[in-house]
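Visitor: I have a structure here that I don't know yet. Can you take me through a few spots in it?

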Amino acid sequence: MSRHFNNQFEDAGRCEVSQDFYKDRIMETVDKILSGLKATSKTCEKGVYTGTAGVAYCFYYLSQSGIFPEHHDKFLKLAECYISPALDKHHVRSRKDVGLLSGNGGVYMVAALIYNKLGDKQKYEKYIEAYQNLASCCEQVDFLDGGCDELFVGRAGYMFGILALEKCTGVNILPLSQVKIVWDKVIESGRVLSETNNVGDLPLVYKYHGKPYLGAAHGFSGILQALLSFPQLLKNNRESADLVKKSVDFILNNCLNSGNVATNLDAALHGNGKFLVHWCHGAAGVIYMFIRAYLAFGKDERYLNACRELAETVWQKGLLRKGPGICHGVAGSGYVFLLMYRLTGEQKYLYQAERFANFMFSDLFKAEARTPDRPFSLFEGLAGTICFLLDLLQTNKADYPLFSVFLE
């Protein structure tokens, strides 16, 4: 069976995003989460990725959207309810567990966001400090066995957490000099692996458990997107910025194949392997690295053209059977079009985002899509779907959860 449903929509058309329709769908989805997932010590595993901390982020995001002002306080209280068991679970884990998606880091970050809005200064400062203290682990080149730089457990995820906290609180979480230490270690780590894995003109190489993944979750594109998300460091460190740009260009020139990128570098260079259309592995995640490169390097049209190619692949093959999630589901595909709409202002992409959103409520999807292992979670399930639907109603703010492409 194909990984995706056939896309039978016209490529472009008139776009009508019904506020009432999607607000109703959001509230129905909230009710499904509340009835299907209780906040307990058994449901908080896997951090923000599939645990209650991710659901807490969803409720935090709902409270801050301004779309449901009558439920603002209710959503914040729900956010606090769902973060609580995760905090109890994660405070006893390894101090080296900096992971934004699967570790302490993401739990502390979400907690700080919630308690900041609740006005609980003591708890806000407690979890901000806990997040800050994780920076020292990131300053060791090899502080983990399987790979130290990707988004789930490594430095790139930690850097995105800094950006998310600063964007939502307006406070500098770490001095730029300390952020630079972490940023430099990602560069150093990539250079070391490049020296031992000679791959032509590729100056930075990254591996996770021995695999040179290219996707956003564990690979090059997520790590390079993180490096590209600190414009001041790029500007003030020209040699390192050149290494980042050459690495992005290598992927552009050597790994982009028929509008997609293979799951890992070896497969891409030898023309074999899997070509998935997911955020975690494939077009729906790699595109964000190219958007950041387009914004960081003088709006070079080559990067925008790559984005258009990748978005077209997502349009053709992104109605995924795996479910509604943002990691490897239809909402994750839909985010591609929302961000392309925000980047270009082209109505085509808003239309495509709305078509994907609407499809998730079709009889066909309900009957034939798979139920994820964690059906209510932020990355696999309905909590992420809510974030996507919210952003469909506020396109000027639309951004991929936790891994912002737009920095303002």
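Visitor: Is cysteine 81 buried, exposed or partly exposed?
Guide: Cysteine 81 counts as partly exposed, with a relative accessibility of 40%. Keep in mind that this is a predicted model.

Visitor: Which cysteine sulfur is nearest to cysteine 81, and how far away?
Guide: That is the sulfur of cysteine 44, 12 Å away. Cysteine 81 is in no disulfide.

Visitor: And cysteine 280, what is its closest cysteine sulfur?
Guide: The one in cysteine 327, at 3.6 Å. A disulfide needs the two sulfurs within 2.5 Å, so this pair is too far apart for a bond. Cysteine 280 is buried, at 9% relative accessible area.

Visitor: How many disulfides does the count come to?
Guide: Zero.

Visitor: New topic. Where is asparagine 264?
Guide: Asparagine 264 sits in the loop between strand 2 (260-261) and helix 13 (265-270).

Visitor: Buried or exposed?
Guide: Buried, because its relative accessibility is 12% and the cut-off for buried is under 20%.

Visitor: What does asparagine 264 contact, neighbours within four places in sequence aside?
Guide: Pro212, Tyr213 and Leu214. In addition, a polar atom of the asparagine 264 side chain lies 3.1 Å from the backbone nitrogen of aspartate 266.

Visitor: Last one: how many residues are in helix 1, and how far does it reach?
Guide: Helix 1 covers residues 19-36, which makes 18 residues. From first C-alpha to last it reaches 26 Å, close to the expected 26 Å.

Visitor: Which of its residues are buried?
Guide: In helix 1 the buried ones are Tyr22, Arg25, Ile26, Met27, Thr29, Val30 and Ile33.

Methods
Residues are numbered from 1 along each chain as its sequence is written. This is a predicted model: local features need pLDDT of at least 70, side-chain atom pairs count only at pLDDT 80 or more; totals for chains, interfaces and linings use all residues. Side-chain values use heavy atoms; hydrogens and water are left out. Buried means under 20% relative accessible area, exposed over 50%, partly exposed in between (1.4 Å probe, protein chains only). Helices (H or I, at least four residues) and strands (E, at least two) are DSSP runs, numbered from the N terminus. The expected span of a helix is 1.5 Å times one less than its number of residues. A polar contact is a pair of N or O atoms within 3.5 Å; within protein, one must be able to donate a hydrogen and the other to accept it, and residues adjacent in sequence count only if both atoms are side-chain atoms. Contact means heavy atoms within 4.5 Å.
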